[in-house]
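Me: I should like to study a protein model by way of questions and answers. Please show it, and then let us discuss it step by step.

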Amino acid sequence: MINFGYIANLGTYTWEDLTNYLKDYTSKNSHIKYPQFHLAISCRGDEYTQEELVAIAHRYLDEMGYGQPGQPLLIYGHHDTDNNHIHIITSRIDPHGKKIDHNFEKRRSQDVINRIMGIDESQQVGETVSKACQYHFSTVPQFTAILETMGYECYTEDNEIVLKRNGEVQEKVKMQLVESKISQERQDKKRMAQLKAILKKYRDMSANRQELQDVMKDKFGVSLVFLGSKDSPYGYLIVDHHTKAVFKGSDVVKVKELLQFQSTEERFKQMDAFIDQMLYDNINLTTKELNRLLHRQFGTKLLNGSIQYGDSAYRLPEHILTTLRSNDRRAWLQSFNPTNEQELHILCQIGKYHHPKRITIQSTPESNVSKTVSQLRHIFDTTSDNALLDKLHEDGYYLTRVDDQYYCIDFANRTIINMNDYGLDVKRLQPRQVQKQQDKRQHISGPGIGRAIDMVAKQRGGSNDSNREWEVGRGGNEDDDRSMKR
């Protein structure tokens, strides 16, 4: 963030603060209809770091006229795709209130990027044509479709194929050269059958044509080039970059069939039935497992109780959400792998889970137990008696006593152990007065399972219960399913 005046000194601020500042800044010139300048700079995978992309952004802005002293600028990184990328927001108004030159902006933008990246456009277009010639295609339109998927606008003129980008002619290819590369080999029927299955599946996972095109390109390296008008194409071509082949779309899936997208209502109804079936097949199905199935079947997932499809959302019935929350809690408790009924009883009390028979008792301790025991021994060996309970609390351990047995729950390693069984000197854990416990609870904070101490206290009969003279826990500000799952 640069040149945002008083906001930079606030310490904390909201996106509304940033928006309002930009609105105030652009009010200096009311004649500009679209005062915001927004672009993204991306690379393939992690080819460039965020810092390197930011450096490229600054050079770009300087050359495009947006790097003047006093020009407000926001650059922020995103990690929502597999490709490193940043977003840039500034104003089309300079610090003096004048509009920054936008003439031939698209062309100048590409020239600047090419210059920064050391790209020779003429050399690049030549390499693109050579690459396109390596594909298997049977007509000239199929060849131009390949070039279009590589970022060029193409048309024929005087027995040549003209390649344009950013409004400028980049290259002219002799028709004779293209015709000499046409292949009459039989098309790969097996690949066509694969494409047919993929197209039908992802058509049913897409809300519209653009979404289908995006998922086919990103997920399978397949470009769909539609022919005719934008709203009513008469056909399409399939450019398969994976096998370097072009297929006539109607030979795979007819265009009318391909563009028969389900309505939002039909889609949600199908998802609802699917979830019911999955829960019927697996009564312990968790939200994580369901999301994996939803993504594979429909390309979506459950988030905050709702399923997103296009611009619409469908909230699942409450009884389904209650079942999933219960299953999530069961899976979380099962991850501690209790080895006996008492450990299971303690976990169910802490997790407020009322179906212990659905949790499996392990015959032998998990491997993480040795790690927990080693860490506890180190704490016992290096901490004085007076500081021992505080140290255990600080390190995130939850301790409770049942009769003369002392149990420790280690949330980091997902284990529960009987401390008496591992030679730990539990006599050093002196009981505290109830009032001291209550005072202590008021200061407990941090992540974890929420108010675990209070939950166990309530379920065991309150502070007069002799089995809970003291407890050391890891508290928090939540007592809900999200905190339990963590």
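Reply: The discussion below takes up confidence, then a pocket, then aromatic rings.

Me: This is a predicted model. In which element of the protein chain is confidence highest?

Reply: The mean pLDDT of the protein chain is 83, and 88% of its residues reach 70 or more. At the lower extreme stands helix α18 (residues 481-485), with a mean of 35. The highest confidence, at 95, is found in strand β8 (residues 233-240).

Me: Over which residues does pLDDT stay under 50?

Reply: Where pLDDT is low, the predicted coordinates should not be read in detail. The stretch in question still has 111 contacts beyond four places in sequence in the model. Those contacts belong to the part where pLDDT stays under 50, namely residues 433-486.

Me: Which element gives the most to the lining of the largest pocket?

Reply: The largest pocket has a volume of about 1,300 Å³, and 33 residues line it. Ser42, Cys43, Arg44, Ile119 and Gln124 lie nearest its centre. At least two lining residues each come from β1 (36-42), α2 (50-64), α3 (105-117) and α4 (121-133). With five residues, the element that gives the most is α4.

Me: How many residues of the lining of the largest pocket are charged?

Reply: The lining divides into three classes. Of its residues, 13 are nonpolar and twelve are polar. The charged residues number eight.

Me: Is the pair of phenylalanine 4 and tyrosine 21 stacked, tilted or edge-to-face?

Reply: The structure holds eleven aromatic pairs. In this one the ring centres are 5.0 Å apart and the planes stand at 35°. Planes under 30 degrees apart count as stacked and those over 60 as edge-to-face. The angle of 35° therefore makes the pair of phenylalanine 4 and tyrosine 21 tilted.

Me: How many residues apart are phenylalanine 4 and tyrosine 21?

Reply: Both residues are buried, and together with Tyr6 they form one aromatic cluster. Phenylalanine 4 lies in the segment before α1 (15-26), whereas tyrosine 21 lies in helix α1 itself. The pair thus links distant parts of the chain, and the separation is 17 residues.

Me: What kind of pair do phenylalanine 336 and phenylalanine 411 form?

Reply: Phenylalanine 336 is in the loop between α12 (318-334) and α13 (341-350), and phenylalanine 411 is in the loop between β14 (405-410) and β15 (415-418), 75 residues apart. Both phenylalanine 336 and phenylalanine 411 are buried. Their ring centres are 6.0 Å apart and their planes are at 90°, so the pair is edge-to-face.

Note on methods: Residues numbered from 1 in each chain as written. Predicted model: local features only at pLDDT ≥ 70, side-chain atom pairs only at ≥ 80, totals over all residues. Heavy atoms only, no water. pLDDT = per-residue confidence, 0-100. Helix = DSSP H or I, 4+ residues; strand = E, 2+ residues; numbered from the N terminus. Contact = heavy atoms within 4.5 Å. 1 Å grid on protein atoms, 1.4 Å probe; cavity = no way out; pocket = protein on both sides within 12 Å on 5 of 7 lines; lining within 4 Å. Points joined across faces, edges and corners; volume = space filled by probe spheres on them. Nonpolar A, V, L, I, M, F, W, Y, C, P; charged D, E, K, R; others polar. Phe/Tyr/Trp six-rings, centres within 6.5 Å; stacked < 30°, edge-to-face > 60°. Buried < 20%, exposed > 50% of the residue type's maximum accessible area, 1.4 Å probe, protein only.
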